[in-house]
Amino acid sequence: MTAKRIYHSVKLERDRCVGCTTCLKKCPMECIRVRNGKARILYELCIDCGVCIQNCPHHAKVAQTDPINSIYRFKHRIALPAPTLYAQFRNLTSVDTVLNALLGLGFSDVFEVARAADIVSATVREMLKTQKVRPLISSACPAVVTLIRLRFPELLPHVADVLSPKELAGRMAKEEYSKAHGVPIEEIGAFFITPCPAKMASIHSDRGSYVDGVIAIQDIYGLLSAQMKQPISEEIKRKRHATWQGVNWANYGGEGAALDNNNVLSVDGIHNVIYVLEEIENGRLNDLDFFEGSSCVGGCVGGPLVFENAFVAKNSLRKLTEHMKEDEKTHPLPPVEPRDDIHLRAPLEPLPGIKLSDNIAEAIAKMERIEALTKTFKGLDCGSCGSPTCRALAEDIVQGRANELDCVFKLKEKVEQLARQMVDLTNL
Amino acid sequence: MSNEHGEQVTFQETRQVEQGDFATAGQIAASFKNTLKKLGVASPVIRRIAIASYEAEINLAIHSWGGTMRLIIYPDRVRLLVDDVGPGIENIDLAMQEGYSTASEEVRMLGFGAGMGMPNMKRCADAFKIESVLGKGTSISMDFNL
């Protein structure tokens with residue numbers, strides 16, 4: 001019934017961690033604890049959103065992604081640029097510049113993820129006509145999908161049964177390359193150029209992937225911008241296939257806007273997404289057609305692994321898509337057809353998270369102790385104990401992950417008590 | 001099921017709702033849901049309880065002068081008790097009908113009071129009991145089997 005995840009991209013660089021409580025307080029899943037002066041992640045609850053990476057003042061939270069030279073594991077290598085990659089370059093007027101520069105970095109070919117996004121949009125437009133479930137929830141943001149599997153399993157039937165643009169791009173890239181060059185699929189590696197760690201975690205998930213590796217935008221940015229200054233030889237020249245709307249997926253709201261439907265809600269920032277999912281679960285948004293949730297503020301341009309500031313990137317993307325719109329007026333692209341063969345690789349199953357106990361009677365007893373303990377704390381949720389809230393500390397104590405004197409106020413009380421005893425003893 | 005002293009093992013969570021408290025509507029349902037999830041209750045049951053408690057919470061905010069919501073968890077069932085001080089319900093049969101509502105225009109403008117609250121609660125629960133005294137208040141008891 002429930003599945004198990006084995007891989008996470010978000011890691012701690014132990015030497016850099018000073019044991020402050022910044023990540024602890026920011027984590028939307030309350031899955032970080034500071035113990036013995038170092039942060040640790042309760043991975044059962046982590047959705048690889050990367051909020052801790054963005055907020056750690058000591059750069060101790062990092063994302064594990066693949067190094068660029070890992071592409072040479074494969075004889076044939078295809079780059080899958082996320083549309084967010086284009087947004088890293090100011091004054092970019094043509095996507096073609098980026099596509100061609102990628103070929104100069106050792107890739108045999110390049111397949112635009114934005115092109116797959118166009119197909120996903122066309123397919124979801126069709127699904128909204130044929131499917132009854134409302135609202136339909138986007139399957140594109142892997143952090144949001146994992147969040148739903150963990151915390152909103154009842155909403156899983158709402159998640160659109162369509163591949164994310166990254167996965168569809170990986171599949172189509174390999175199919176097309178294999179056909180065009182007559183090489184077996186196994187010899188082709190598809191490498192997604194990512195703005196976020198959740199995409200990395202998703203290719204190594206229990207559900208498998210059409211993508212073989214993930215390279216962080218910030219790791220490829222320098223090489224790519226140098227390569228973009230090189231002239232492109234005519235015989236290897238690539239041209240874009242994706243529309244401006246596909247590229248606009250990099251901004252939050254871009255996916256929703258491409259549906260040509262007024263009754264769509266687009267929300268960015270994981271805390272806001274959680275709030276709206278609660279509303280959907282309470283049955284408050286049954287009249288909504290589609291919900292697009294982006295874990296990162298601003299959408300993918302706000303990802304933890306990008307080079308450019310999210311607001312600057314958003315503006316660059318706006319200018320680029322305006323150029324593309326103009327270009328499409330004079331050079332129209334072929335219409336994008338929906339597809340009915342691009343379903344998710346496997347059904348989405350709930351993830352267990354952390355239960356108090358497998359035995360409900362025992363769980364109830366533990367819950368009572370947690371409740372009683374919580375009342376004995378001050379309720380400041382200061383985080384000094386290394387748990388994000390007083391309640392979380394109570395739960396950690398009951399689960400054997402912490403002890404009462406981790407609370408500074410309890411410690412102070414204890415010290416005062418000991419001091420009094422000392423005084424009493426000396427007065428004897 | 002009972003503990004070593006022969007007492008039945010239960011867990012209770014009690015929350016207050018104040019009259020007109022729409023701004024925080026949904027918080028109690030979210031809190032109950034979180035508790036049930038930690039206890040390992042199956043998610044379809046959690047969703048039914050969440051919807052019922054959400055509807056109850058809204059009802060207390062709209063119609064009552066304030067009340068309490070109590071979640072009692074037994075090893076084999078969950079009981080949700082909703083007690084308010086308020087005007088009471090004049091005609092319970094009418095109140096149980098879909099689309100029947102006595103909510104004010106002001107409340108309807110907030111998007112509440114569609115007359116689906118009570119029928120929704122009944123539909124979600126495995127057992128549903130309601131008692132109301134005019135001028136005193138209303139008590140609802142809902143059971144959900146685990």
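## Two domains in chain A

In this predicted model, the centres of domain 1 and domain 2 of chain A sit 46 Å apart, taken over C-alpha atoms. Domain 1 runs over residues 68-330, and domain 2 covers 361-428.

Put a box around the C-alpha atoms of chain A, along the principal axes, and you get roughly 95 × 50 × 40 Å.

## What chain A is made of

Chain A carries 16 helices and 11 strands. Its radius of gyration is 25 Å, close to the 22 Å that the globule rule gives for 428 residues, so chain A is as compact as a globular protein of that length.

How much of chain A is buried? Of its 428 residues, 57% count as buried. Take the contacts in chain A between residues at least 6 apart in sequence: 77% of them join residues at least 24 apart.

## Surface and charge of chain A

The accessible surface of chain A is about 19,400 Å², and carbon and sulfur atoms account for 52% of that surface. On the charge side, chain A has 53 positive and 53 negative side chains. The centres of these two sets lie 4 Å apart.

## Helix α6 of chain A

Helix α6 of chain A spans residues 142-151 and is mostly covered, with nine of its 10 residues buried. Here's the roll call of the buried ones: A:P142, A:A143, A:V144, A:V145, A:T146, A:L147, A:I148, A:R149 and A:L150. So the list takes in an arginine, A:R149, because buried here just means under 20% relative accessible area.

What covers the buried residues of α6(A)? From chain A, the cover includes β7 (136-137), α8 (197-203), α12 (270-281) and β11 (290-294). Chain B pitches in too, with its α1 (27-38).

## Helix α15 of chain A

Helix α15 of chain A, residues 390-398, is another mostly covered one: eight of its nine residues are buried. Those are A:C390, A:A392, A:L393, A:A394, A:E395, A:D396, A:I397 and A:V398. The acidic pair A:E395 and A:D396 is among them.

The buried residues of α15(A) pack against β2 (32-35) and α14 (360-376) of chain A. They also pack against α1 of chain B, the helix that helps cover the buried residues of α6(A). Just after α15(A) comes A:G400, with a positive phi of about 80°.

## Backbone oddities in chain A

Some background first: most residues other than glycine have a negative phi, and most peptide bonds are trans. A few spots in chain A go the other way.

Which peptide bond is cis, with omega near -10°? That's the one from A:R134 to A:P135. You'll find A:P135 in the loop between α5 (113-130) and β7 of chain A, and β7 is part of the cover over the buried residues of α6(A).

Then there's A:E30, a residue other than glycine whose phi is positive, near 50°. A:E30 lies in the loop between α1 (22-26) and β2 of chain A, and β2 is one of the elements that the buried residues of α15(A) pack against. Is A:E30 buried or partly exposed? It is partly exposed, with a relative accessible area of 36%.

A:D260 isn't a glycine either, yet has a positive phi of about 50°. Look for A:D260 in the loop between α11 (254-257) and β10 (264-268) of chain A. A:D260 is exposed, with a relative accessible area of 59%.

## Chain B

Chain B has five helices and five strands. Reading along the sequence, the pattern goes β-α-α-β-β-α-α-α-β-β. A compact globule of 146 residues would have a radius of gyration near 15 Å, and chain B agrees with that at 15 Å. The C-alpha atoms of chain B fill a box of roughly 55 × 25 × 25 Å along the principal axes.

Of the 146 residues in chain B, 51% are buried. For contacts in chain B with a separation of 6 or more, residues 24 or more positions apart account for 60%. Chain B exposes about 7,200 Å², and carbon and sulfur atoms supply 47% of that. As for charge, chain B has 14 positive and 18 negative side chains, and the centres of the two sets lie 6 Å apart.

Terms used. Residues numbered from 1 in each chain as written. Chains lettered and ligands numbered in written order. Predicted model: local features only at pLDDT ≥ 70, side-chain atom pairs only at ≥ 80, totals over all residues. Heavy atoms only, no water. Helix = DSSP H or I, 4+ residues; strand = E, 2+ residues; numbered from the N terminus. Rg over C-alpha atoms; globule rule 2.2 N^0.38 Å. Buried < 20%, exposed > 50% of the residue type's maximum accessible area, 1.4 Å probe, protein only. Contact = heavy atoms within 4.5 Å. Areas by Shrake-Rupley, 256 points an atom, 1.4 Å probe, with all protein chains shown as cover. Lys, Arg positive; Asp, Glu negative; His and termini not counted. Charge placed at Lys NZ, Arg CZ, Asp CG, Glu CD. Domains from an automatic or database assignment.
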